[in-house]
Amino acid sequence: MTMKTLLAGATLALGLATGAAADGHEPVTVGFVYVGPVGDGGWTYEHDQGRLAVEEAFGDAVETVFVESVPEGPDAERVMTQMALQGADLIFTTSFGYMDQTIAVAEKFPDVMFEHATGYKRADNVSTYSARFYEGRAVQGHIAGQMTESNIIGYIASFPIPEVIRGINSAYLHAKEVNPDVEFKIIWAYTWFDPAKEAEAATVLIEQGADVILQHTDSTAPQAAAQAAGNVVTFGQASDMAEFAPFPRVSSIIDDWAPYYVARTQAVIDGTWESTDTWDGIGPGMVGIGEITDAVPAEVKASAEALVETLRSGEYHAFSGPINKQDGSAWLAEGEIADDGTLAGMDFYVEGLTAEIPQ
Amino acid sequence: MDLSSINPILLLASLMVAATPIILAAIGELVVERAGVLNLGVEGMMITGAVCGFIVAVNTGSPWLGFLGAAVGGAILSLLFGVLTQLLLSNQVATGLALTLFGLGLSALMGQGYIGIKAPEFADWHIPLLGDIPIIGPVIFQHDPMVYVGLIIVTAVWAFLKYSRAGLILRAVGENHEAAHALGYHVIRVRLLAIMFGGACAGLGGAYLSLVRVPQWTEGMTAGAGWIALAIVVFASWRPWRLLLGAYLFGGVTVLQLNLQAAGAAIAVEYLSMAPYLATIVVLVIMRAGRAPGSLGQSFHASR
């Protein structure tokens, strides 16, 4: 079985290589650098779904290559350089920690286009793109605040970067809105993907009384830990994680990169590619909310779905004043909404969170 | 900070669970290194064991058969290392590193159809009488059986190396393979058996992750546990009891730092994350460091 798969893969690779050479015209090559394995069931899995969508959309006109489990750091630079040298025309670097490496490699290859996910540094041939995950976090907080009985919500965070801090703030604000007594316990795992560590963190949070676990790490291990505990609610992260539905997983945030990847590849083919900064949320469909299961009481489900709709239409912004910062100083006044600049660089907790952000 | 939210009993109990995969992998590597072979492929054998165990357990519905499959899978992979280094005399360091890379790739390939599937349940034991003792019961006697299998293996290895004739031969082979050969012992055979034992133990350690601790299959799920096991063998100066101490210390501080974080301790998270590594290194270095087996990492051929 495995041998067959292996042989089939080898034959396929050979066929692709010779096919491309025989065709005469060069297919556009699109490279993807992944921080985890494509089988993580979360973040990288969804990026790879986007890659597959590109393959499907363009057929023979586009060739995709990917490297998985690339550590953030010098290794990433090596991988990107290698991709560029091998003729990639467009390279997606799909983790925040690739930011400086992407800029450095892009400088050396001005003819190669780069797309860096969740970062904030751009260049003539480097675009940035991200999704407004915090909109999904608002929905999670809204459900979590009403599902918790112990009033303790556990949060497995990855790295103290604006994207993660935004998610914590958004979830907390909306949990607090529906449940003033709610308390967040936050563990920084300092990894995007380490199932053993994530399981450990989830277990510790559960032992300390949390009955809802939110995660900003990529594996499904916390879901399994919650399932073993029996009465703990979780949410799918980055991917639907539907195998844990209807309980413990009661909803999810789904990243849908496919339309963006297809559009950007098309732009390279057409020669219309430009350096841009894309930040889309529930409205344009880059952030999806997975089905809210029946484990959630009907009225909570209804109000959560109403919240999704107002976020989708733009009627409501997840960071709407009045909001104070953790130290009590005013951030947003009544009726004011957060500007993208502040959100993009968010490095503070909102009032009510007790922990400190690691420096 | 609210330290009262940390329950010391649960903390100690999860320490034993957190340390088990490392104990299993490390005790196997200890035997390998005492036989004079340096196999850096622990990570690769662990992850292969994790996927083999998972596949067998899912298909048979029995976690026990899963662990057996993991041990066999790990042993087969280690035999590859054994043939290359012992019979074909390739460099042990390079072969071991290659084994890790190979194992990571092989496991990803084998696990393709098993992503997102749940493992059959492996229930905790509640040992009668002993499990009912207050405090000690929940800490020591209410775990899944593999925790005890790990402890039994450590005890058995200790007794084997210290008291048995076969253990003496194994140590002789590791200390000075030429002398052992001159005495008529089969250096290669002893080493191949040790390597396979190491592979089987690493496989068990990996399967403990995929069947008990996580419990599911995800690519790259060992995430460096094999390297920690290798380091603990060295810092434990190749002695089983110190190895146990090192693994518990590492597992304990890992769990403790997560607990401190969740309780909102005012210590920088970076220091907490470093703590398990630092504490393990410091303690094991302070205890008088032992000497490496004399022939560690050297190839042996009877003609030399």
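The paragraphs below lead from the confidence of the model to its sheet and then to one arginine.

This is a predicted model, in which local features need pLDDT of at least 70 and side-chain atom pairs count only at pLDDT 80 or more, while totals for chains, interfaces and linings use all residues. Residues are numbered from 1 along each chain as its sequence is written, chains are lettered from A, and side-chain values use heavy atoms, without hydrogens and water.

Chain A has a mean pLDDT (the predictor's confidence in each residue, from 0 to 100) of 87, and 93% of its residues reach 70 or more. Over residues 11-24 of chain A, however, the pLDDT is below 50. Where pLDDT is low, the predicted coordinates should not be read in detail.

In chain A, 6 strands (E, DSSP runs of at least two residues, numbered from the N terminus) form an open sheet with mixed pairing, in the order E7-E6-E8-E9-E10-E12. Strand E7 (183-188) and strand E12 (287-290) of chain A stand at the edges with a single partner strand each, so one side of each has no neighbour in the sheet. Strand E10 (residues 249-255) of chain A runs antiparallel to E12(A), and 4 bridges join the two.

A:Arg264 lies in helix H9 (residues 258-270) of chain A, a helix being a DSSP run, H or I, of at least four residues. A:Arg264 is buried (under 20% relative accessible area, with a 1.4 Å probe and protein chains only), because its relative accessible area is 11%. Leaving aside neighbours within four places in sequence, A:Arg264 is in contact (heavy atoms within 4.5 Å) with residues including A:Leu90, A:Phe92 and A:Trp273.

Definitions and conventions:
Buried means under 20% relative accessible area, exposed over 50%, partly exposed in between (1.4 Å probe, protein chains only). Two strands pair if DSSP finds at least two bridges between them.
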